[in-house]
Amino acid sequence: MVKLSLKMTLARKGRLFLTSLAIILGTAFLSGTFIFSDTLNRTFDQLFSDVYRDVDAYVRSSNFVEVQFGGEQRARIPIGELDTVRSVPGVVNSVGAISAFARIINKDGTPLGSTNGPPNFGGIVSESFSGLWSADSGRLPVGPTEMMMDSWSAKKGRFQVGDTVRVNAQSGSRQFTLVGIATFGNVSSPGGATFALFDQPTASEFLLAPGFVDAFLVQSDGSLTDVELAAKIDAALPASAKLETLTGAEITKEEQDLIGEALGFLSTFLTAFSLIALGIGCFVIYNVFSITAAQRLRENALLRAIGASRRQITRALLIESLIIGLLGSILGFFAGIGLSRGLSALLGAVGFDIPASGLSIELRTVIITIITGVLVTVLSAILPARRAGRVPPLAALRDTAFETTGRNRSRFTIGLVIFALGATALMAAGAGANTAFLGLGVLLVFAGVLIVGPGVARPIALWLGHPIEKIRGVTGAMARQNAARNPKRTARTAAPVLIGVALVTAFTAFASSVKAEIRDSIGSQFRGDYVVSAPNNGFGGLNPTLVDELDSMPQVAQATALGYATIKINGKGEFVQVFDPQTSPGLFEIEMVQNKQESLTPNGILVSESRAKSRGWVIGSKIDLEMVDGTMRELAIQGTFRPTGFFSPYFVDRQMFIGTNNSYFDSVIYLKLTEGVSAAEAHDALVAVTTDKGLGELQSRDEFIDSQSGQVNQILALIYGLLALSVIIAIVGIVITLLLSVFERQREIGLLRAIGMTRSQVRTTVRWESVITSMFGAVIGVVLGILMGVVLMAVLADNGVAAFRLSIGSTLVILVLSFVIGVLAAIYPARRATKVEIMQAIATM
Amino acid sequence: MSLASAAAEAANATKIYGEGDNEIHALDGVSIRFDVGRFSAIMGPSGSGKSTLMHCLAGLDSLSSGSVSIAGTDLAPLNDKALTSLRREQIGFVFQAFNLIPTLNAFENIVLPLSLGGQSGDEAWINQVIDTIGLRDRLKHRPSELSGGQQQRVAIARALASKPKIIFADEPTGNLDSKTGREVLDFMRRAVTDLGQTIVMVTHDAVAASYADIIVFLKDGKVAGEMTEPTPERVLDYLKHLGE
């Protein structure tokens, strides 16, 4: 029997290939995700073990604020304690270290490196402990006017030793003489980041504050173990300094874990999409096996008649699925290697640069990919295989090759009940229940729709086919009837399209709601003419003195700065929006509910109405605040405002940060022009002090609003890219089904050709059948997608402020694309249909 | 009758399958004409070439040499598109089984060749045809809801609907019991006598053949003889003689 199923499998090479294709694509995504994540992890692990290779102990502040989405901000430490560390026995050398924001500016005034990619660092390089930095050319910088940079940046910006280089950092925008170019270990730049390096006093003053660094790097003389040394240092440091000492191994691991966590989020995200692709692949396989089993009814019945047992028939089909699964997964694994490169490219295309490095292929990837692929294939084949085994031997004598399509009432009811349960779970999630309800709800709604699908496929396909029949006449009528003649098959074929379209619709609707929200809130708050903005990915931005410089220009009537910061509110790390209550009125307007924004003092805080309500705060309530540097304050609630969509529910006074020992950058500076100054005149003057120095981007009000809401498009593009593979699998599914249907209807096509149907009419019939099938999936998908979008919006938008907004245009585009998918999927099957030999088709009558 | 024009004509028609030693002459220089307004039958043992002759006459298959024409049109120079429209407009077909499109109802099947050509046809004529087959009350039924005999009658109605120059019927009663078969043959007879149509029927059934005006006998790809005013007994007799 094994031999027989092997022979039967190989006898249908074309079908074998197409079925495998669904599995190949699904598993390729899975293995691609693994390879991509492993490679990335290894790259960063290697990077951090390089960075701390010569570090035996690491001293840093014990004050920190945890930042949302992983990571933390730690207080600066005074350089004076370095002497204490150096005096500890066993310490051979110790230096200060800084890793702060510093952006190198190209000769043409543009920032060097990508604004969304690896960070732009500023740091210390010193003779006594250069770490892994070694001078490529030139020498180490000494004094306040000299700098060094990494060789990747030098190459990219075409800088040479002796050049004057502009660098922007916390203390402003300055020019330095490039005295050296350095290589990090044996790579030009670790992880693709850029580095501006200075001597310690210059770095402290320019990047942080005079006399402060981020950490001390300690080298041991080898007389003690690292653990003993760290303990000794810890003991030597005064408790009042609030410092802690880690071993080199500990800090390495901590940094690796931190980035590992962030990467883990990325790989979970990618894995989710590869599982969607695999799930869609399941449908395709299930469908193909169902159709093949039905078409082989007579063959199987004959085998039963001559003595094969039920189990043998079932097993033969399962073995076939095993072969396909194995073959597909192995090919999928190899395709995944290429795909991991594609994922890098995709992320790069939407602005997330990934450091290039060799591929990391682990045995685990091979095993998981192949086991998943085989399992998915065999599981998808079980039901059809069992159905095939139940064929009565007598069926060999009957003349039916069609699947039974009796409408099943209980099936319909079960589907509706599951759908209702899912919808209830979604509504609960929308009303604020646990987000686990969201996932459960989505799954149940999909399951319900897929179960009900065959029951509604016929009426919906007929309805969709109506206009086609009107336009195309008899070929349209036949296409319409063909799409409706086998509702189970149509529903199964449309399912992948349905899932894909639902997801695309949901994400698109969600994105347009978010965009509209951003547009509205910026639009209502911002009343000026121009904006200077810097991309703020939680690292760096505009130096806080820039706003004063702009304000003093004669062309500028009013300037106010806005930024973000992390502080602890009642012991919990929170993002807060930072603004200036004195300069903002009339230019940056917060929609206040109680009190006025200009009455905020550095001892107060503004809270969103809904947050105040949920915490039971009223005007005058006190909350505890801790800043990154450890400063504790008690703040009074001085006003409430109407929350704006996705922004922080807190506003604090900018004076809380300026002049303190906490890193703070502005993200945007809003400007109002002096009356009588023309836009062109102002623009030229503003460019000279901003973009010409690589200080942010200068945009008009409209440009700014467009670009802010446009950021959502990047994420959306990434999601589209990741869903593309699922859509391809869905197309493959339609192609296979159509091919099998064409094969099944050879006699019918032969008859039609004989009585006068032209080849192009044959093509038309197949094409419109395909279009009806894909539109069936698309129409239901769009409805489901909108439903999911509404719920997603309600769940994710804090307190349900943001309104759901459906983009009619995008929805139409999705429907048009589904139409195109139907047309594309039909090309090959339609050609095959026209190749049906009339003579052969008639001969088999 | 002798002055009647030819609905279909074959001249020295030869059809060779295979090559070299495997060469089979399915048709070996057949010259024959089928007159307008007649019910003709083609008979012969299995492998005599009767089906091949019909397929070549109908433009479904091409000759190796020789020529065929339908109502004076030589088929040889026609491309697929022209052949298709010729089949649609000038030829009607009735096959042994699987004659109807399962997704279309009886009426839609009857007018299918017309619809494919984007025409609505001669309504009075179609009504007359439908009344003749006696299935007016079953027009909205799908083929699966019709009996075998009814299906064949719908097929003949379809063949007639476009008023073709000639109708080819390939074993039209092969799948029917003898009573239903006779009904179908009666109906074909009437289509020729009463409606003035031209039918060429391939059959190996002597009773069926006896409904025709003339029978052409084929053997080994050649015309072996003709018989007018046939009766089943004479046909069987002749076939016995032919087999020797």
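1. A residue counts as buried if 20 or more other C-beta atoms lie within 10 Å of its own, exposed if 12 or fewer, and partly exposed in between, with C-beta atoms placed from the backbone. This is a predicted model: local features need pLDDT of at least 70, side-chain atom pairs count only at pLDDT 80 or more, and totals for chains, interfaces and linings use all residues. Residues are numbered from 1 along each chain as its sequence is written, and chains are lettered from A in the order in which they are written.

2. Start with helix 6 (226-236) of chain A (helices, H or I, of at least four residues and strands, E, of at least two are DSSP runs numbered from the N terminus). Leu229(A), Ala230(A) and Ile233(A) are buried there. They line one face of the helix, because they fall within an arc of 100° seen down its axis (the arc is that of the directions from the helix axis to the C-beta atoms). Val227(A) and Ala235(A), on the other side, are exposed.

3. Chain B has an open sheet of 4 strands, order 2-1-4-5, with antiparallel pairing (strands pair if DSSP finds at least two bridges between them). Strand 2 (24-35) and strand 5 (73-74) of chain B are the edges. Strand 1 (6-17) and strand 4 (65-70) of chain B pair over 5 bridges. Glu9(B) has Ser69(B) of strand 4 as its bridge partner.

4. Now the interface. 21 residues of chain A are in contact with 23 residues of chain B (contact: C-beta atoms, placed from the backbone, within 7 Å). Helix 13 (474-485), helix 19 (746-754), helix 20 (759-796) and helix 22 (838-843) of chain A each give two or more residues to the chain A side.

Methods:
Two residues are in contact if their C-beta atoms, placed from the backbone, lie within 7 Å.
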